[in-house]
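Hi,

Here's the structure I promised to pass on. Have a look at it first, and then read on for what turned up.

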Amino acid sequence: MFCRYFSLQKKILHIFDVIVIGAGGAGMMCAAQVGQQGRSVVVLDHNAQVGRKILISGGGRCNFTNVEARPENFVSKNPHFCKSALARYRPADFIKLVESYRIRYHEKKLGQLFCDDSARQIVDLLLDEMDKGGVKLSLNTKIDSVKKSEDFFEVETSRGLFKAERLVVATGGLSVPQVGATGFGYEIARYFNLKIVQTEPALDGFTWSHDDLDRFGPLAGVSLDTVVSAGKASFRENVLFTHTGLSGPASLQASLYWQRGQKLTIDLSPELDVGDYLLSRRREGVRQELKNVLAEVLPRRFADAFVEGKSLAGPLNGLAEKTLLNVGQSLKSWQVQPQATVGYRKAEVTRGGVDTSHLSSQTMECKTVPGLYFIGEVVDVTGQLGGYNFQWAWASAVSVAAALA
Ligand SMILES: Cc1cc2nc3c(=O)[nH]c(=O)nc-3n(C[C@H](O)[C@H](O)[C@H](O)COP(=O)(O)OP(=O)(O)OC[C@H]3O[C@@H](n4cnc5c(N)ncnc54)[C@H](O)[C@@H]3O)c2cc1C
């Protein structure tokens, strides 16, 4: 192990084998593993606390992996890039680590594993693993510049100059700046002439356009079981109407795939063919208004808003069969045009990031700058909702450790 400190013209100089920037899930996991292999490692972070996103994740219980994690659950300009890392370090590997700390967990749904007690346990696990590796942690550290001179990376900070032959950038994405997220990792990438795949907030749901806000804003609080489709991606889960747009797991998932200007198609009744249902009620001679019959199978407030402004008044048995089938069809494929996604303040992730064409999928090392690595969310690999993003953080971190073993 090799770590030296000098006082150089009043400037403190710290020399390590590896500098990791970012004490989030990816950075801490990488530092712990590399440290345990016997290298001197320092983790730098501008926050006063490590793992702030872990602490707020999964509603405070951290959905730390998904047992079903597969490359298909990730979005990237190069969908193959994540395969090698995900194959090397699997959900079962992280589960084993969690179990070794006797952290109790449960599957909530769809393979999503959460701590029974608190996300704090995952942070403590990572701190303990870093401790085992003798990793130094430098918090409250403002980074002024990063450069490479000959074989060393030099990181100028408020706590002096850090030098190492290897630099791991684990600064995450832009989502939730309230907990310290910045675009610093992208700046480092640009400094080394790497391209950035355009970044967008994702897993954040949608906002209505001005007109739709008047119509659907009053539905805030209504929740429906749906299938939401954005392009070719479809998700069967709940949507929740909010005061400003659509939330709930199906909307969050769809926001990862949605492109500006695109329409969403929503099946508002995946279990029931509403057209057939209306016809059967009509045959029974039902004289209630359509909106009241719809309210038998959909939330009342939604049924009222759906019918409003359409010429569908009068008793059900007075409406033509074709009209009822059309109503059923428009509920099967309800088309809405969101104005935007909710934005970085609420987004669980940032889609896009460091273009993977610059990185080795085996090691995460930059092809043109030896010794420079990018891991976690800063890379253009973004997982769906459900524990996939942490699995990517762990797996990409372990790829670096494997490369340095
Ligand atoms: C509300 C919320 C809930 C989530 N829930 C889940 C979940 O349950 N399951 C799941 O899989 N994913 C979840 N995610 C996504 C997941 O948290 C992230 O994908 C994951 O934390 C990314 O890890 P990372 O280490 O790459 O980046 P981060 O965790 O963002 O860590 C980056 C670190 O870099 C530091 N940093 C940034 N800029 C600088 C700078 N300029 N100088 C120094 N340090 C800097 C930050 O302070 C931070 O500590 C959630 C996200 C949010 C916002």
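Strand 14 and strand 15 (residues 233-241) are antiparallel partners, held together over eight bridges. This is a predicted model, by the way, so read everything below in that light. The two strands make a hairpin with two residues between them, and in that hairpin Gly231 has a positive phi near 60 degrees.

On to the other partner of strand 14. Strand 14 (residues 223-230) also runs antiparallel to strand 17 (residues 264-267), this time with four bridges. Ser229 is a good residue to click on: its bridge partner in strand 15 is Ser234, while in strand 17 its bridge partner is Thr265. Next along, Ala230 has Leu264 as its bridge partner in strand 17.

Zooming out, these strands belong to an open sheet of seven, with antiparallel pairing and the order 18-17-14-15-16-13-19. At the edges you'll find strand 18 (334-336) and strand 19 (340-341); each has a single partner strand, so one side of each has no neighbour in the sheet.

There's another open sheet, of three strands, ordered 4-7-6 and again paired antiparallel. Here strand 4 (63-66) and strand 6 (105-107) are the edge strands, pairing on one side only. From one strand to the next, the twist averages 25 degrees. Three bridges link strand 4 to strand 7 (residues 112-115) in the antiparallel sense, and Asn66 sits opposite Gln112 of strand 7.

Now the helices. Which way do helix 1 and helix 13 cross, left-handed or right-handed? Helix 1 passes helix 13 in a right-handed crossing. The axes of helix 1 (residues 25-36) and helix 13 (residues 388-404) come within 8 Å and cross at roughly 30 degrees. With the cut-off for roughly parallel set at under 35 degrees, that angle makes helix 1 roughly parallel to helix 13. On the helix 1 side, the contact uses Gly25, Ala26, Met29, Cys30, Gln33 and Val34; on the helix 13 side, the residues include Phe390, Trp394, Val398 and Leu404. Sorted by class, this contact has twelve nonpolar and three polar residues, with no charged ones.

Helix 1 also packs on helix 5 (residues 120-132), at an angle of about 25 degrees and with the axes 7 Å apart. Helix 1 and helix 5 are therefore roughly parallel too, but their crossing is left-handed. Helix 1 contributes Met28, Met29, Ala31, Ala32, Gly35 and Gln36 here, and helix 5 contributes Leu126, Glu129, Met130 and Lys132. The class split for this contact is six nonpolar, two polar and two charged. Met29 is worth a look, as it is listed in the contact with helix 13 and in the one with helix 5.

Last, the domains. The domain assignment gives domain 1 as 4-201 + 350-404 and domain 2 as 205-342. Their C-alpha centres are 41 Å apart. How many residues of domain 1 are in contact with domain 2? Six residues of domain 1 are, and they meet seven residues of domain 2. On the domain 1 side, the touching residues break down into three nonpolar, two polar and one charged.

Cheers

Conventions: Residues are numbered from 1 along each chain as its sequence is written. This is a predicted model: local features need pLDDT of at least 70, side-chain atom pairs count only at pLDDT 80 or more; totals for chains, interfaces and linings use all residues. Axes are lines fitted to C-alpha atoms, for helices over the stretch in contact, and angles run from 0 to 180 degrees between N-to-C directions. Angles under 35 degrees count as roughly parallel, over 145 as roughly antiparallel, 65 to 115 as roughly perpendicular and the rest as oblique. A crossing is left-handed if the near helix is turned anticlockwise from the far one by less than a right angle, and right-handed if clockwise. Two residues are in contact if their C-beta atoms, placed from the backbone, lie within 7 Å. Ala, Val, Leu, Ile, Met, Phe, Trp, Tyr, Cys and Pro count as nonpolar, Asp, Glu, Lys and Arg as charged, and the others, Gly among them, as polar. Domain bounds come from an automatic or database domain assignment. Two strands pair if DSSP finds at least two bridges between them.
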